[in-house]
Amino acid sequence: MAARAQSTTPVRKVPIHLQSAQNRLLIKNGKVVNGDGIQDADVYIEEGIIKQVGNNLIVPGGSRLIDARGKYVIPGGIDTHTHLQLPFMGTTTADDFYTGTRAALAGGTTTIIDFVIPSKGQSLIEAYKQWRERADEKVACDYALHVAVTWWSPEVQQEMEELCRDHGINSFKMFMAYKDLWQLDDTELFEAFERCKQLGAVAQVHAENGDIIKENCKKLLAAGVTGPEGHEMSRPEEVEAEAVNRACVLANQVNCPLYIVKMTGAGSARLLADKRGQGLIVYGEVTAAALATAAQCDMGSWSHGAAYLTSPPLRPDPETPQILMDLLSSDDLQLTGTDHCTFSSAQKEMGKGDFTKIPNGVNGVEERMSLIWEKGVVSGKMDPTRFVAVTSMNAAKIFNMYPKKGCIAVGSDADIVIWDPKLEHTISAATHHSAVDFNIFEGITCRGGPEYVIANGRVTVDEGQVKAVQGYGSFIPTSPFAPFVYEAVTEREKVHQLIKVEREGRIVAVRNTMVPVVPQATSNGEALELNLSSVNGGEEVVAAADHHFASHQHFTRPPTSSGGRNMQDTTFSLSSEYPSMADVEEEAKGKKNSIQVKNPPGGKSSGPFW
Ligand code: URP
Ligand code: ZN
């Protein structure tokens, strides 16, 4: 039986000097934006929780009043992808859990999700505890954790369960890159996906083909390509797209929900959109960096190129950020993080003479919200509700924090940003809050930004002034089986129940109860013949029969009226050209010799899973 997290409500450490009437706040006259709508409403907050939303609210005297006229009142951002205080490539990131979360708050993000990355062979629980120790004393905003699975063994599988059950973890990241360091092979990935599905966790992947990258790096270095431009050359777009496709296929085989982190290639993102169109439960994350800047590795100085180096790489095609923004606007990609993983210019210099030694990573935790507003909303590609969906709501739903986080509603945490669409700000390393000495968005002007940022009821950005408090944030445990993700998984599981077909007391085949049996066409378009009488008896043939029976379902989820994907409905494409279930049953009983069908409409199926 799968693990369910214990309800561990975090106890907030509120310093005495912060326990005041400031805990009672009334935000008046703003436009309250959630992922599904906008309303003119006031919001009353007490003790860190939203107590009332509406008009003509009756509130206790002494509450602080914030006038939000002409502004949007939005849920605090959730950055799904950060690396703070990460030991990596022989050094440690410039931002620790304090400077990183202070930068997050400055930009309107009130929750981050960081990655525990155990070293190969290290206990996952031990690594988790290290991360908690590092983070708990420093975080200025709330945080949750994903755990990376960097090696594979029965102990790891056991610890995954323990993490879900006892430690508030509901997502695991597997690396398809970083060969010899963190990369898992396909069998391990397959098993890890199976384990995630059993546990009700979200399987995340860093999708790049690490084997190809390793070979390309060797060739490039041998040919004298040592500068930062070698990084993108070693891992072009198709190296990402191949891994995206492989991850989707593997996850679909075991009906495991999949989440691809920080996609940077337009082709990969379109591929993911196709997979979603075929009904796969897969989500795509894109970073502020990929949405707002193209690669600059082959331009300017060595240090400039090195500063932009991250994995997967920012793509040289200047059209890519706009394409990714289009896909994000239309729900082909679902949410945004930053992969905020900062290294100073001096740290980047570790790779002088060998691009494979340049620490990978860029900034973004502070700039994400403003950049997406500028490139998404101001550009007319998305409305404020979509902005909320991609900056907080979808993350909260996928990682099971909703409606505690990711919305403005009675009972939700008072994580709120008063967003001023008239605020104008030019990004610069000279004024940012990160500890790093370079900003990859230097000089970009964003129209729209946070005037007030309220984290758990406390005003942490006050009229633009950042007032972060070290250690104020809390760890947010996340439970497995997020309904947003797992309702659909469970339905698919039911629909695709398998029934054994027995003949003369022996199992000869296993068939799916709900889908037509549609043998796939050959490449020249002719129908294949599936002749059950030629299937030998015995358990050992079941797998082969499974493949014939289950690999030809054709189903898609229709888009919702709003253009988003309908997460609940499944429609089956049935055709009279297909054999009926009675035919199949007769065939199984030996009354018919074979089943023959024509090439099914809709092309190839999405494959078997059980
Ligand atoms: O390229 C980056 N950001 N490195 C950090 C580790 C990872 O790939 O997430
Ligand atoms: Zn990362």
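A residue counts as exposed when its relative accessible area is over 50% and as buried when that value is under 20%, with partly exposed residues in between. Because that cut-off for exposure is 50%, Asn 56, with a relative accessible area of 72%, is classed as exposed. The model described here is a predicted one.

**Overall make-up**

The protein contains 17 helices and 25 strands, and of its 610 residues 59% are buried. Among the contacts in the protein with a separation of 6 or more, 76% are accounted for by residues 24 or more positions apart. The accessible surface of the protein comes to about 23,000 Å², and carbon and sulfur atoms hold 49% of that area.

**Backbone features in the loops and strands**

Asn 56 belongs to the loop between strand E3 (49-54) and strand E4 (64-67), and although it is not a glycine, its phi is positive, at about 50°. A positive phi, of about 70°, is also found at Asn 29, again not a glycine, but this residue is part of strand E1, which covers residues 24-34. Asn 29 is partly exposed, its relative accessible area being 31%.

Two cis peptide bonds can be set side by side, each with a proline as the second residue, as the table shows.

| Cis peptide bond | Omega | Loop that holds the proline |
|---|---|---|
| Ser 311 and Pro 312 | about -10° | between helix H10 (302-307) and helix H11 (320-329) |
| Tyr 402 and Pro 403 | about 5° | between helix H14 (384-398) and strand E16 (416-426) |

The loop between H10 and H11, in which Pro 312 lies, also holds Arg 315. Arg 315 is buried, with a relative accessible area of 3%, and its side chain makes a polar contact of 3.3 Å with the side chain of Thr 264.

**The surroundings of ligand 1**

Ligand 1 is surrounded by 13 residues, of which the closest are His 83, Tyr 178, Lys 262, Ser 311 and Asp 339. Ser 311, one of these closest residues, is also the residue joined to Pro 312 by a cis peptide bond. Oxygen atoms of the ligand lie at short listed distances from several side chains: an N or O atom in the side chain of His 83 is 2.9 Å from one, a polar side-chain atom of Tyr 178 is 2.6 Å from one, and a polar side-chain atom of Thr 310 is 3.1 Å from one. Taken alone, ligand 1 exposes 270 Å², and the protein buries 100% of that area. The space that ligand 1 takes up is the largest cavity.

**Helix H1 and its cover**

Helix H1 consists of residues 97-106, and because nine of its 10 residues are buried, it is largely enclosed by the rest of the structure. The buried residues of H1 include Phe 97, Tyr 98, Leu 105 and Ala 106. Which elements cover them? Their cover includes strand E9 (109-116), helix H2 (124-136), strand E17 (445-455), strand E18 (458-462) and strand E19 (465-466). At the start of H1, a side-chain oxygen of Asp 96 comes to within 2.8 Å of the backbone nitrogen of Tyr 98, while just after the helix Gly 108 takes a positive phi of about 100°.

Note on methods: Residues numbered from 1 in each chain as written. Chains lettered and ligands numbered in written order. Predicted model: local features only at pLDDT ≥ 70, side-chain atom pairs only at ≥ 80, totals over all residues. Heavy atoms only, no water. Helix = DSSP H or I, 4+ residues; strand = E, 2+ residues; numbered from the N terminus. Buried < 20%, exposed > 50% of the residue type's maximum accessible area, 1.4 Å probe, protein only. Contact = heavy atoms within 4.5 Å. Areas by Shrake-Rupley, 256 points an atom, 1.4 Å probe, with all protein chains shown as cover. Near = heavy atom within 4 Å. Polar contact = N/O pair within 3.5 Å; in protein donor to acceptor, adjacent residues only side chain to side chain. 1 Å grid on protein atoms, 1.4 Å probe; cavity = no way out; pocket = protein on both sides within 12 Å on 5 of 7 lines; lining within 4 Å. Sits in = over half its atoms within 2 Å of the grid points.
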